[in-house]
Amino acid sequence: MQVPTQIISAHCVVAFPDVVDIENAPGLRTALQRIIEAHAHTCDALIADLSASRFATATALSVLVEARRQTRRQGMDLYVVVPAPLARKSFVITGLNESIPLYATLGDVPGRTAAPIPAAAPVTTPAARMPRQPGGGHRGECRTEDGGAAGGEDRPAP
């Protein structure tokens, strides 16, 4: 898999696709591994640019966790550019923002003027709901045999 990559001020910037899923994740993992190995001696950090993503899937997060391990082994830092509030929320909910620094723009990454997005940054999105899928339900939502959401979220309280 080819991923757009550029070197900016001793930082290797990798543009992630708009969605990372089980179909493209293996290729992305392999590409990141090769990029990290190839640039470990010329770059201080790998920047995963998720600017094209409206949200961060669990698969994308797992790819980034693996990239973090690889960059650390090579003596590099890992930064993530994630401007979309819903995508940032995935990092905050999982706690990954505690170990992977998040930035709103590429210009905010260290060596620039702005600070990283704080852990308690408010997420200001109107009713962040996933798009409806054919047959009802939301993308990624578990459904029971009777069509209700698992856990009873759409059932009236007793």
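In what order do the five strands of the open sheet lie, and is their pairing parallel, antiparallel or mixed? Before I answer, let me say that what we are looking at is a predicted model. The five strands follow the order S1-S2-S3-S4-S5, and the pairing in this open sheet is mixed. At the edges we have strand S1, residues 5–8, and strand S5, residues 102–103, each of which pairs on one side only.

Let me stay with the S1 edge for a moment. S1 and strand S2, which covers residues 11–15, run antiparallel and are joined by four bridges; in one of the pairs across these strands, Ile-7 has Cys-12 of S2 as its bridge partner. Helix H1, residues 25–39, packs on the sheet, where it touches S1, S2 and strand S3, residues 45–49, and the direction of H1 makes about 165 degrees with that of S2.

I turn now to helix H2, which spans residues 58–73. H2 lies across S3 and strand S4, residues 77–81, and runs at about 150 degrees to S4. As for its length, the 16 residues of H2 should span 22 Å at 1.5 Å a residue, and because the C-alpha atoms at its ends are 23 Å apart, the expected and the modelled spans agree. The buried residues of H2 pack against H1, S3, S4 and helix H3, residues 85–94, and they include Ala-60, Leu-64, Arg-68 and Thr-71.

Two residues of H2 deserve a separate look, and I begin with Thr-71. With a relative accessible area of 0%, Thr-71 counts as buried, and, leaving aside residues up to four places away in sequence, Thr-71 touches Ile-36, Leu-46, Met-76, Asp-77 and Leu-78.

The other residue is Glu-66, which also has its place in H2. Is Glu-66 buried, exposed or partly exposed? Its relative accessible area is 29%, so Glu-66 is partly exposed, given that buried means under 20% and exposed means over 50%. The side chain of Glu-66 is joined to that of Arg-29 by a polar contact of 2.9 Å; these two residues are 37 residues apart along the chain, while their C-alpha atoms are separated by 8.0 Å.

Finally, a word on where H2 ends. Just after this helix, Gly-75 takes a positive phi, with a value of about 80 degrees.

Terms used: Residues numbered from 1 in each chain as written. Predicted model: local features only at pLDDT ≥ 70, side-chain atom pairs only at ≥ 80, totals over all residues. Heavy atoms only, no water. Buried < 20%, exposed > 50% of the residue type's maximum accessible area, 1.4 Å probe, protein only. Contact = heavy atoms within 4.5 Å. Polar contact = N/O pair within 3.5 Å; in protein donor to acceptor, adjacent residues only side chain to side chain. Pairing = 2+ DSSP bridges. Axes fitted to C-alpha atoms, helices over the stretch in contact; angles between N-to-C directions. Expected span 1.5 Å × (residues − 1).
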